[in-house]
Amino acid sequence: MRAFTISAPEIMTGIAPPAAGAQTPFVREAPFMREVRATFALAWPIVLTNLAQMAITTTDVLVIGRLGPEALAAATLGANLYFALFIYGMGLAMATAPMLAQAVGARLGVVRDLRRTVRQGLWLCLAVSTAWILVLGQTETILRAMGQAPDLAAAAAVYVDTLRWGILPALWFVVLRNFISALGRPRPAMVITIAAVAVNAVLDLGLVLGHFGLPALGLEGAGIASTLANIFLFGALALVTLADRRFNRFALYGRWWRADWPRLGEMLKIGLPISLTMGFEVTVFNAAAFLMGLIGTNQLAAHAIALQLAAVTFMVPMGVAQAGTVRVGIAAGRGDAGRIREAGRAAILLGIGFMALSAIVMLTMPRTLIGFFLDGNDPAVAETTAIAVGFLGIAAIFQLADGAQAVGAGLLRGLKDTAVPMIYAGLGYWGVGLGVGSGLAFGLDMGGTGLWIGLASGLATVAVLMLTRWTRRHRLGLVPAGAAGMRTPPAPDALPEVA
């Protein structure tokens, strides 16, 4: 069996070593700056991948909107139900990230460990997708039980009936993306996701509106387009892992039938809390939108605008957090406490630093940002614009807290610490965030402003708890036993493959 070589520079920086014969000056770089550079190199393709995935959903909304407000409302209902279930499945798939990263850091039996982790990750996604596909087959019944209008529930079911089949390839894509990211090679996923945006746009225009000689299927066509785009995502990345010599030597799809029950159990132990943590965050914003609707239409419209802007900027710290999980995981696998510390500092600097810049933009250019959604010269939207300006002022604080909690959670995941952060998320988002927000909005009659103050306070609470736990990682026993301070990286020797 062929030996597999990973060089120390590639493992510890996430950047491939220079080509043979290249002239490289000997420069001793500070460990922290090396980590900043490595984290940035790993994070920016992940950030663009996240933004491209958002663009797929945005394309669906733009095209479906041309069918009329009823179709758009039905699609929104169906997409929210689909996404609520998908996010829980994604949390389970995310468990592969720290497991893969720590295996790369340990460097012993890395080929076998990565192959088995990917295999069990694909197994787990298959199981949860099967359950969610069955649940989504009852979309109309679920929405009607939630009090939605029968005609909207029926139309949403038409959309979800074809959309639901894309959940499995979408989750499998997450597993493969975690695999290549653990090896410091996230760019193929970025390129494929950007291509998927174009594929989805063409399919939406064809299958929803009937362009390019394709049948105009309306909402059913939108679901088909999204499913085919997700199949493209997974299929293209699977082909890359089969064709690229940096990945195919792992033989990811060999011995597909072989179970690794202890590994699957560990994956569930790590992944279930991640699922609930992500679910707490998503559902609290769903609940906030419902409460905002009770306050008023203009408040709800302003809330949607401010939240959409916050969601776009959040993709950056989320990508940094995903990179931080990998960087911390690799250092933890090596048992190197010094590198764990530097990886954490680098991710915190990049994530919170970007959100500080975005907060400044929101404070100084609110009307310019709102102008992407509303015509500022239209008197009919003057009230909504004024409310949105106020929300963006709170969103500046919101941004800093959201970035800090995202990065903090990502760093803790690198140490496979997910259970206590899940409790933090539940208490912070629902106990503090929605509790304070509801009290201010309705008890003190502060309306939407009070609700946003509550959401910001909830995120700030989670951020403080996450970062405090990170700083206390040694006392809490989260750092692997025997981890020492900064070590000199070993020579880039070959790693033998273990079957």
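Here is a conversation about a predicted model, asking what lies behind the words used for it.

Biologist: What is the chain built from, helices or strands?

Modeller: There are 18 helices and zero strands in this predicted chain. Of its 499 residues, 54% count as buried. The chain exposes about 20700 Å², and carbon and sulfur atoms supply 68% of that area.

Biologist: Happy with that. Let's turn to the rings: why is the pair of Phe285 and Phe398 called tilted?

Modeller: The structure holds nine aromatic pairs. In this one the planes of Phe285 and Phe398 are 55° apart. Stacked needs under 30 degrees and edge-to-face needs over 60, so an angle that fits neither is called tilted.

Biologist: And what makes Phe285 and Phe398 a pair to begin with?

Modeller: Their centres are 5.9 Å apart, and the limit for a pair is 6.5 Å, so they qualify.

Biologist: Which parts of the chain does that pair tie together?

Modeller: Phe285 belongs to helix α12 (residues 261-295) and Phe398 to helix α16 (residues 382-414), so the pair ties together parts that are 113 residues apart in sequence. Both Phe285 and Phe398 are buried. Ring pairs also link Phe285, Phe391, Phe398 and Trp452 into a cluster.

Biologist: How do you know that the charged end of Arg345 sits over the ring of Phe32?

Modeller: That charged end is 4.2 Å from the centre of the Phe32 ring. The distance limit is 6 Å, with a further condition of 35 degrees from the ring normal. Arg473 likewise lies over the face of Trp470, at 4.2 Å from the ring centre.

Biologist: On to helix packing: why is α4 described as oblique to α12?

Modeller: The axes of helix α4 (residues 96-106) and α12 come within 9 Å and cross at roughly 125°. Roughly perpendicular ends at 115 and roughly antiparallel begins over 145, so an angle between those limits is oblique. That makes α4 oblique to α12.

Biologist: Which residues meet where α4 and α12 come together?

Modeller: From α4 there are Thr96, Pro98 and Met99, and they meet Arg263, Glu266, Met267 and Ile270 of α12.

Biologist: Why does Asn200 count as buried?

Modeller: Its relative accessibility is 0%, and buried means under 20%, so Asn200 falls within that class. Asn200 is in helix α9 (residues 187-209). Leaving aside its neighbours within four places in sequence, Asn200 is in contact with Ile56, Thr59, Asp60, Ala225, Ser226 and Ala229.

Biologist: And what makes Gly448 buried?

Modeller: Gly448 has 1% relative accessibility, again set against the limit of 20%. Gly448 is placed in helix α18. Once its neighbours within four places in sequence are left aside, Gly448 is in contact with Met292, Ile295, Gln299 and Phe391.

Biologist: Let's finish with two loop residues. Why is Ala251 called partly exposed, whereas Asp445 is called exposed?

Modeller: Ala251 has 38% relative accessibility, so it counts as partly exposed. Partly exposed covers the range between 20% and 50%. Asp445 has 68% relative accessibility, so it counts as exposed, the cut-off there being over 50%. Ala251 is in the loop between α11 (245-248) and α12, and Asp445 is in the loop between α17 (419-443) and α18 (447-471).

Biologist: What is phi for Ala251 and for Asp445?

Modeller: Phi is near 50° for Ala251, a positive value in a residue other than glycine. For Asp445 phi is near 55°, also a positive value in a residue other than glycine.

How values were computed:
Residues numbered from 1 in each chain as written. Predicted model: local features only at pLDDT ≥ 70, side-chain atom pairs only at ≥ 80, totals over all residues. Heavy atoms only, no water. Phe/Tyr/Trp six-rings, centres within 6.5 Å; stacked < 30°, edge-to-face > 60°. Helix = DSSP H or I, 4+ residues; strand = E, 2+ residues; numbered from the N terminus. Buried < 20%, exposed > 50% of the residue type's maximum accessible area, 1.4 Å probe, protein only. Contact = heavy atoms within 4.5 Å. Areas by Shrake-Rupley, 256 points an atom, 1.4 Å probe, with all protein chains shown as cover. Axes fitted to C-alpha atoms, helices over the stretch in contact; angles between N-to-C directions. Parallel < 35°, antiparallel > 145°, perpendicular 65-115°, else oblique.
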